[in-house]
Amino acid sequence: MDEVVPFLPDVAHQRAVFADGLLLDSGAMLAPLVVAYETYGTLDANRGNAVLVCHALTGDQYLAGRHPVTGRPGWWENIVGPGLPIDTDRFFVICANVLGGCMGSSGPREEMTDNEGNGIGRPWGTDFPSVTIRDMVRAQKRLVERLGITRLLAVVGGSMGGMQALQWAATFPESVFACAPIATAAHHSAQNIAFHEVGRAAIHADPDWCGGAYWREGRLPAQGLSVARMVAHITYLSESALTRKFGRRLQGAKAVTFLEDVFAVESYLRHQGSTFIRRFDANSYLTITRAMDYFDLAEDCGGDLSLAFRNTPTRFFVASFSSDWLFPTAESRAITRALNRAAARTSFIEIASDKGHDAFLLDEPEFHAALAGFLRGAADAAGA
């Protein structure tokens, strides 16, 4: 039996376990299915005020409050809380770690199971089956049902979370009263797949990756994972944001040596990479980036995205940011046009911002007000 080497801190996550497992799009049966999650606020007596928030690629279920690993504030603490746009005085907020993640849900760093669902004493690693965005949503659906909720008031998410929100509305339309896909797309572009492949190549090239069995060798592909994070982080920002924050400033340099002195932006990226490896698993990164790359909501509809939402009862709020070049406004407009063709109740807003893709995570008052208004209107219409 192989020894499990825990590189990430051991955290007692809140988890739902489904012994019967989940049949994945790949045809693999994953049993048991484990979904780690957090909740905020109180579920009302009618169970009609639940809002599911879907996290982005490197996020997790800890969207508000202190993160148990990093000690930092939750990644959407400026959005979720009492009196905030996703108001926990009114809404019961759920956030689940995605399938394939590394914060308690079934994923590569969790214990591998045999065909009968019994643990075999080693992590899944690269043996973890391929997953899709739809698989992630099906896992979340099991959790929502376990919580006794038959219809979500809203599903909200940005970036990969927006992909999940769209998938929810397409797969379970009767279970989603309102949907807010933010800074996202209905399929992953060739450019975005290319950036992901650079990150994956960096991990694969790290000698400590050990073919994905680094856990067996007591090693960690830290350099490769750090480079992957650095490359990805560049895509989350805009040129204006980088120039405003760093310009061409040297970091503590008195003279240029080309060996030791670095630009401030280089130091920032190195910091992003070094902190990332303390909270994320390399095999999870490979698994989740592939899931994003596979995503194409129109593929099963002969390329016509509107057919994915035909006769949908769900109302939609689509939001983009003007400087987002990872998921540009054109992608959100394409979603909006498809929803309009499907005669869905739809509103769209482009927020003028120079903060790039990360704007949905930052202080953007116009976006916050628009999202809050949409959720209040949905709650009033649904009687929640």
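How far from a polar atom of the side chain of Asn49 does the backbone oxygen of Arg90 lie? In this predicted model, the backbone oxygen of Arg90 is placed 3.0 Å from a polar atom of the Asn49 side chain, and a second backbone oxygen, that of Thr42, lies 2.9 Å from a polar atom of that side chain.

Asn49 itself belongs to the loop that runs between β4 (33–40) and β5 (50–54), and with a relative accessible area of 2% this residue is buried. When neighbours within four places in sequence are set aside, Asn49 is in contact with Thr42, Leu43 and Asp44, with Arg90, Phe91 and Phe92, and with Leu153 and Ala384. Leu286, by contrast, stands 237 residues from Asn49 along the chain, and the C-alpha atoms of Asn49 and Leu286 are separated by 35 Å.

The cysteines can be taken next. The structure holds zero disulfides. Cys95 is in no disulfide, and the cysteine sulfur nearest to its own, belonging to Cys54, is 7.3 Å away; because a disulfide requires a pair of cysteine sulfur atoms within 2.5 Å, that separation does not qualify. Cys102 is likewise in no disulfide, its nearest cysteine sulfur being that of Cys95, at 13 Å. Cys95 is buried, with a relative accessible area of 0%, and Cys102 is also buried, with a value of 2%.

The accessibility values for the residues discussed are set out below.

| Residue | Relative accessible area | State |
|---|---|---|
| Asn49 | 2% | buried |
| Cys95 | 0% | buried |
| Cys102 | 2% | buried |

Conventions
Residues numbered from 1 in each chain as written. Predicted model: local features only at pLDDT ≥ 70, side-chain atom pairs only at ≥ 80, totals over all residues. Heavy atoms only, no water. Helix = DSSP H or I, 4+ residues; strand = E, 2+ residues; numbered from the N terminus. Buried < 20%, exposed > 50% of the residue type's maximum accessible area, 1.4 Å probe, protein only. Contact = heavy atoms within 4.5 Å. Polar contact = N/O pair within 3.5 Å; in protein donor to acceptor, adjacent residues only side chain to side chain.
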